[in-house]
Amino acid sequence: MSEEYIAYVGTYTRGESKGLYMLNLDPGTGQLSMRDSFMIHNPSYLKLSHDGHFLYTNCDEGVAAFKVAEDGSLTLLGKASVNGLRPSYISVDRKNRFLICGGYHDGKLTALRLNEDGSVGEVTDEIFMKGLGSSGGFHYRSHVNCAVFSPDERYVMAVDLGMDQVKIYEFDHESGKFHLHDILRSELESGPKHMVFSSDGKYAYLTHEYSNTVIKYSYEAKNAQFTQMQSESTLDGYEGTNSTITLKLTDDDHHLFATNSGDNSFAIFNIDEKDQSMKRICVLPVSGEYPRDLAILPGGRRVISVNQEGNSLTSFIVDYEKGYMLMKNKPFDIPSPTCIQYKKL
């Protein structure tokens with residue numbers, strides 16, 4: 001008998017969307033089926049707590065907290081304001097004491113204390129980041145579209161797309177306060193978007209929405225120092241408008257995926273175990289429009305693409321040795337999906 005999993009999918013609540021969806025997931029086949037939904041406005045980003053007992057989402061009111069039952073069903077614990085516009089990114093620490101939010105629309109970094117029951121408490125710190133002005137559209141105005149803890153959770157990395165930099169903050173786990181430590185600067189108008197760390201904490205990867213690149217850094221934890229190792233394009237001959245958005249690593253750190261929204265593809269990279277170099281093995285279509293997020297299923301050989309404008313989830317088997325993806329299931333229809341999280345029941 002195959003193991004049971006549940007997937008949570010956040011959406012933009014436009015048209016027929018009901019907000020937050022719960023799906024049955026077969027990790028062996030990538031097959032999805034509808035289970036339930038919960039009406040909440042624009043839960044476009046989701047984050048499970050590290051122990052899987054709570055699910056946190058953004059929403060028009062700020063953020064929302066859910067208790068996750070043993071069978072995967074959800075109970076709303078409540079909503080909380082972030083004293084700003086709806087955030088676009090959420091992180092939670094391992095001890096489930098703080099929620100960190102990144103605000104794309106208002107350039108705001110926010111920390112909120114979590115209560116013992118998993119609900120969201122008060123704002124402990126907030127920083128409205130300042131840009132240089134409004135010229136150049138999105139450029140020179142702060143857009144914090146990613147805020148992640150360092151592997152040891154001493155720091156928070158606030159990825160600012162508008163200012164082309166990653167602000168590195170020390171984070172006090174007692175007071176919940178941020179203290180600026182350093183700034184990692186990207187190329188002008190490259191648009192840094194999402195950052196992930198390797199499981200051993202020695203390397204970091206950063207997508208750039210406008211330059212359509214992934215940059216790999218070595219990471220020195222003591223002083224939160226980044227040293228660039230490599231930069232690679234996520235495209236293969238595509239010359240149209242494209243946004244490189246989300247990136248995910250397989251659990252063994254051997255493979256990296258990046259979403260191309262415009263080219264509507266995944267770029268897949270092998271990571272060499274010896275010299276840690278990235279090698280792009282393929283850029284292949286996801287059979288859906290505007291892949292906003294992806295999930296790598298257990299074992300690393302199956303992936304699900306979250307296609308925001310295609311109103312679908314598509315699943316694939318990946319052959320890393322031969323460099324291709326094979327679609328096995330029919331697209332799963334879901335309106336305006338933006339984010340996916342899953343857990344074993």
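What share of the contacts in the protein with a separation of 6 or more comes from residues 24 or more positions apart? Such residues account for 46% of them, a contact being heavy atoms within 4.5 Å.

This is a predicted model, in which local features need pLDDT of at least 70, side-chain atom pairs count only at pLDDT 80 or more, and totals for chains, interfaces and linings use all residues. Residues are numbered from 1 along each chain as its sequence is written, and side-chain values use heavy atoms, with hydrogens and water left out.

**Whole chain.** Show the full cartoon. The protein has 29 strands and zero helices; both are DSSP runs numbered from the N terminus, strands being E of at least two residues and helices H or I of at least four. The radius of gyration, taken over C-alpha atoms, is 19 Å, close to the 20 Å that the globule rule gives for 345 residues, so the protein is as compact as a globular protein of that length. That rule is 2.2 Å times the number of residues to the power 0.38. Along the principal axes, the C-alpha atoms fill a box of roughly 50 × 45 × 40 Å. Of the 345 residues, 57% count as buried, meaning under 20% relative accessible area with a 1.4 Å probe, protein chains only.

**Residues 5–38.** Select strand β2, residues 20–26, where five of the seven residues are buried. Add β1 (residues 5–11), which pairs with β2 in the antiparallel sense over five bridges; pairing requires that DSSP finds at least two bridges between two strands. V9 has Y21 of β2 as its bridge partner. Then add β3 (residues 31–38), joined to β2 by seven bridges, also antiparallel. Here L20 is matched with F38. Between β2 and β3 lie the four residues of a hairpin, and G30 in the turn has a positive phi of about 75 degrees.

**Residues 46–80.** Next, select the open sheet of four strands, ordered β4-β5-β6-β7 with antiparallel pairing. Its edge strands, each pairing on one side only, are β4 (46–48) and β7 (74–80). From one strand to the next the twist averages 20 degrees, with axes as lines fitted to C-alpha atoms and angles from 0 to 180 degrees between N-to-C directions. Three bridges link β4 to β5 (residues 54–59), and K47 has Y56 as its bridge partner.

**H194.** Finally, centre on H194 in strand β16 (residues 192–197). H194 has a relative accessible area of 11%, so it is buried. Beyond four places away in sequence, H194 touches Y89, N145, C146, Y205, L206, T207, I245, T246 and L247.

Note on methods:
Buried < 20%, exposed > 50% of the residue type's maximum accessible area, 1.4 Å probe, protein only.
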